[in-house]
Amino acid sequence: EVMASNSVVSSSRILAAANGVALVVDGDNNLVHTNFIQSEGDIEMSVFQNNGVGNEVYFNTFRMDGVHPNSSVWQEGSTTGTMARNNLLVNYGGGVTLKATGSTFDFDHNNYHSTGSILAAVNEVELPDLSALQGVNGSDSSSLNVDPYFETTDSTYPNHGALDGAAVTISDIEVDLEGAPRDPTSPDIGAVEFEGCDLDTDVDEDLICDQVDPCVGYIDECG
């Protein structure tokens, strides 16, 4: 739990955080960036919980594998001022990616994916998809809603080409979780830079995804 203010939380790799909130930030004006956190368990929980004012959250991968339907990836309890960019939020347990009760927050260039029917909940209003989320919070206009297609539970690297180059540059964040340099003009969403692939045939990606697990949706050079 981060109680301090004006601090930096970065370059953490937390796997199999069980039955609790893996990272809680209660302090104000903190910078949380370039972390990979994966949670699992069978009780209601979150991967990340922000309660502070004015915190900035960039280039993180937060993954929920817990099976409780009310578990969320990100619980936003701040009253105001949270800025989030380039984060990869995934809930493979069927719960929401974002559960927010704050009045104002500035989110964009993030990716939200849930295997459930509700993508997010803001002020107790359930939002089924990205379009609904964009309409409620007035931001996330450049955010995405795709399955990253991680190969394993602890893999930091996504495989969906839409995430490649879809982030925005953030001043002074120049390397990823693995120490690789961030693309100076078009970085990737999430904790790591990766080489994305384009779908280079006329094969229906959804058809591939119905047949392959894990599915990266790409063939030829992409495997």
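Which residue in β6 does V24 stand opposite? Keep that in mind while you find your way around the sheet. The model you have open is predicted.

**The whole sheet.** Select the strands β3, β6, β9, β12, β15 and β16. These 6 strands form an open sheet, in the order β3-β6-β9-β12-β15-β16, with mixed pairing. At its edges lie β3, residues 23-25, and β16, residues 125-127, and each of these pairs on one side only. Between neighbouring strands of the sheet the average turn is 15°, with direction ignored.

**The β3 edge.** Select residues 23-25, which make up β3, and then add residues 46-50, which make up β6. β3 and β6 run parallel and are paired over 3 bridges. Now pick V24: the residue opposite is Q49 in β6.

**Strand β6.** Stay on residues 46-50. Are they mostly buried or exposed? This strand is mostly covered, with 5 of its 5 residues buried. In a regular strand, side chains alternate between the two faces of the sheet. Follow the side chains along β6 in your viewer and see where each one points.

**On to β9.** Select residues 72-76, the strand β9. β9 is joined to β6 by 4 bridges, and the two strands run parallel. Pick S46 and look across to S72 in β9, which stands opposite.

**The β16 edge.** Move to the other end of the strand order and select residues 120-122, strand β15, together with residues 125-127, strand β16. Here the pairing is antiparallel, over 3 bridges. To see one of the partners, pick A121: its bridge partner in β16 is E126.

Definitions and conventions:
Residues numbered from 1 in each chain as written. Predicted model: local features only at pLDDT ≥ 70, side-chain atom pairs only at ≥ 80, totals over all residues. Heavy atoms only, no water. Pairing = 2+ DSSP bridges. Axes fitted to C-alpha atoms, helices over the stretch in contact; angles between N-to-C directions. Buried < 20%, exposed > 50% of the residue type's maximum accessible area, 1.4 Å probe, protein only.
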